[in-house]
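Reader: Could you walk me through this structure, starting from single residues and working up to the core and the pockets?

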Amino acid sequence: MKLVLFILLILILTSCGSDKKQFEFAGGSFKMALDNTPTTFIPREVNDVYSFELLSQVMEGLVSFNPEDLSLQPQIAEKWNISGDGTVFTFTIRDDILFHENPVFSSEEERKLTVDDVLFTFEKACKPNAEGNPTAAYLFLLSNQVKGAKEYYEGKAKSISGIKVKKNQFEITLINPDQTYINKLANLSASIVSRKVVEANKETDVVGTGPFCFTKPTDENTYILLKNQDYYLVDNKGNALPYLDSVVFYVQTRKLEQLEMFEQGKTLLISGLPTSRITEMLEGRISDFNAQPPLKELYNNPLLTTQYYFFNMNDPRFKDVRVRKAFNYAIDRKRLADNVLRNQYYEYGIYGITPPIGSVFKGYNFSEIKKYGYDYNPDLAKQLLAEAGYPDGKGFGSVDLRLDISDLNTAVAEELADQIYQTLGINVNIDGSSFEQRNEDGNMGRGDLFRTAWIADYSSPETFLGNFYGKIVPKDKSQPSSGDQSRYVNPLFDKYFEQGRSADQKRRLELFSKAEIELMKDPPIIPLWYANDFTLSYSRVRNLKNNPMQFLDLRRVYIKEWTKEEYLKSIQ
């Protein structure tokens, strides 16, 4: 830890200066832990929350989310226009943005972001990656959505017909209308990269335009980001952003170790408190929270996050819907939530894949979806399994459950394995690994049942339902299926999903509801619970905004101890 702090000091002292007006309380370092190592440093390949948490401080897209209400705001594009039919999106690109310093640039002029970099970014995302597979950005943003994207990906066209550039404007034309397509462009996988950096084969240097600059890791468990002295945005008083000098991420997979780091002051925030320590924390140190000013602050927020298991739909046993329903009915989710989660959840999983947060998804038909959910029914579970030809589990064989190891994931798996055996007579073998390995196993279909979670990319049911869109499943079973890991294909689901993407707001929610009902009639998943989040931070961390997407915007965060007078005034 001392070595990290020494290196951090040297980096800050040797970084370039700035003649911009500085915020009165600028400076300091924000430190927190990541639950796992990021799986990639290439934005268009990002499909996991750990890469997102790190790279979202470094990379930027055309638009971004406001951390307070998740509304869209300009970013690299200073403004945009959407055609009346919802098919053409035109963005005006800013002319004052510099990429972070890197040896590939010989002058400041070469560092300027241009509309050519935007075009290059989308074309690069629309090409197979080094392994010959589609990028996450292609599956999420381009395939079956943007005109000409598929033809370009397959090498049948020299350009993407639905993407055009004119002076400082960038235009995207969709195959079908989609008023919410712009929300997808706030996803990290749509971050703009430098053509010069990528073509120099320096993309792993992670050169972006964001508020913090990536530095080479001091070790495999520590990532230091430094203030971008050339960042183009300022606050409403003209002060340079960001306020912080640096951000440090420590990789620590064990929550109890994270909590110890927080209690020792080595980190300033911990998200997802260990269930075994919440009561102890609140009761044993109540003065930390009740003092005026408090030392620490605790937030409890419902999240746009669903924890679930998915079946490998290439497994012949799981092609029978009765088997998948039997597994769902065999799970006592309330017992799981009460005994293992210790009430640290928003709702247990008796709906579908979309978290039942009515305040976010206004007008979504959760009451109808719930009718097709799976509450505990052991008798029906046994009946369905017998009808499928496996009475009391005979002849079924064992199930290989793949998960990424953590205290919570392991405890949940052990509870569910016991419930499945007691109800269905089927042995579940728990195979724990790193997050990276579990994710790769899921992509390749190496296993029978997989633990995962999905955090919304934007506030629409589409971001959850998109994980089961059958038209992105590769026909070759030996190829990875990162967009739809379960390899679920249901033409009726796809029909409603596609119609929903093209419809107006009211009709869109109706169609997405139908798609979700179809998904639950033919479930490729076992929904477990919808998450909430106990986030603990030191009160001296100011302007930290909590939101249901766990989107961490550190541009306006600063560190300052409270005086009693200042604190009392702030809460009046």
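Reader: Is Leu298 buried, partly exposed or exposed?

Author: This is a predicted model, and in it Leu298 counts as partly exposed because its relative accessibility is 29%, where partly exposed covers the range between under 20% for buried and over 50% for exposed. The residue sits in strand 12, which spans residues 296-311.

Reader: And how far apart are the C-alpha atoms of Leu298 and Ala26?

Author: Those two C-alpha atoms are separated by 24 Å, while the residues themselves are 272 apart along the chain.

Reader: Staying around strand 12, which residues of helix 12 are buried?

Author: In helix 12, which runs over residues 321-329, the buried residues are Val323, Arg324, Ala326, Phe327, Asn328 and Tyr329.

Reader: What covers them?

Author: The cover over the buried residues of helix 12 includes strand 12, strand 14 (399-404) and strand 17 (525-538), together with helix 13 (333-339), helix 15 (378-387) and helix 16 (407-424).

Reader: Which residues have the most contacts inside the largest nonpolar core?

Author: Phe327, the helix 12 residue mentioned above, is one of them, along with Leu62, Phe91 and Phe170, in a core of 125 residues. Helix 20, residues 505-521, gives the most to this core, with seven residues. There is also a second, separate core of 36 residues, which includes Phe30, Val58, Leu225 and Leu544.

Reader: What does Phe91 touch, leaving out residues up to four places away in sequence?

Author: With those left out, Phe91 touches Leu62, Val63, Ala77, Lys79, Trp80, Asn168, Gln169, Phe170, Ile172, Ile182 and Leu185, and of these Leu62 and Phe170 are also among the residues with the most contacts inside the largest core.

Reader: Changing topic, how many disulfides does a search of the whole structure find?

Author: The search finds zero. As for two of the cysteines, Cys126 is buried, with a relative accessible area of 0%, and Cys213 also counts as buried because its relative accessible area is 18%, whereas the cut-off is under 20%.

Reader: Now the backbone: where are the cis peptide bonds, and what is omega there?

Author: One cis peptide bond joins Leu241 and Pro242, with omega about -5°, and Pro242 belongs to the loop between strand 9 (222-227) and strand 10 (246-251). Another joins Gln292 and Pro293, with omega about 5°, and Pro293 is in the loop between helix 11 (286-290) and strand 12.

Reader: Why would one list those, and positive phi values as well?

Author: They are listed because most peptide bonds are trans and most residues other than glycine have a negative phi. Here, Arg487 has a positive phi near 60°, and Asn543 has a positive phi near 65°.

Reader: Where do those two residues sit, and are they buried or partly exposed?

Author: Arg487 is in the loop between helix 18 (462-465) and helix 19 (491-502), and at 5% relative accessibility Arg487 counts as buried. Asn543 is in the loop between strand 18 (541-542) and strand 19 (558-559), and Asn543 is partly exposed, with a relative accessible area of 36%.

Reader: Last one, what volume does the second largest pocket have, and what lines it?

Author: Its volume is about 680 Å³, and 29 residues line the pocket, of which Lys471, Ile472, Val473, Pro474 and Lys475 lie nearest its centre. By class, the lining of this pocket has 10 nonpolar, 10 polar and nine charged residues, and helix 5 (136-142) and helix 6 (149-153) each supply at least two residues of the lining.

Technical notes:
Residues are numbered from 1 along each chain as its sequence is written. This is a predicted model: local features need pLDDT of at least 70, side-chain atom pairs count only at pLDDT 80 or more; totals for chains, interfaces and linings use all residues. Side-chain values use heavy atoms; hydrogens and water are left out. On a 1 Å grid over the protein atoms alone, a cavity is a set of points where a 1.4 Å probe fits but cannot get out, and a pocket is an open set with protein on both sides within 12 Å along at least five of seven lines; lining residues have an atom within 4 Å of a point. Grid points are joined across faces, edges and corners, and a volume is the space filled by probe spheres set on the points. Helices (H or I, at least four residues) and strands (E, at least two) are DSSP runs, numbered from the N terminus. Ala, Val, Leu, Ile, Met, Phe, Trp, Tyr, Cys and Pro count as nonpolar, Asp, Glu, Lys and Arg as charged, and the others, Gly among them, as polar. A nonpolar core is a set of buried Ala, Val, Leu, Ile, Met, Phe, Trp, Tyr and Cys residues joined through side-chain atoms within 4.5 Å. Buried means under 20% relative accessible area, exposed over 50%, partly exposed in between (1.4 Å probe, protein chains only). Contact means heavy atoms within 4.5 Å. A disulfide is a pair of cysteine sulfur atoms within 2.5 Å.
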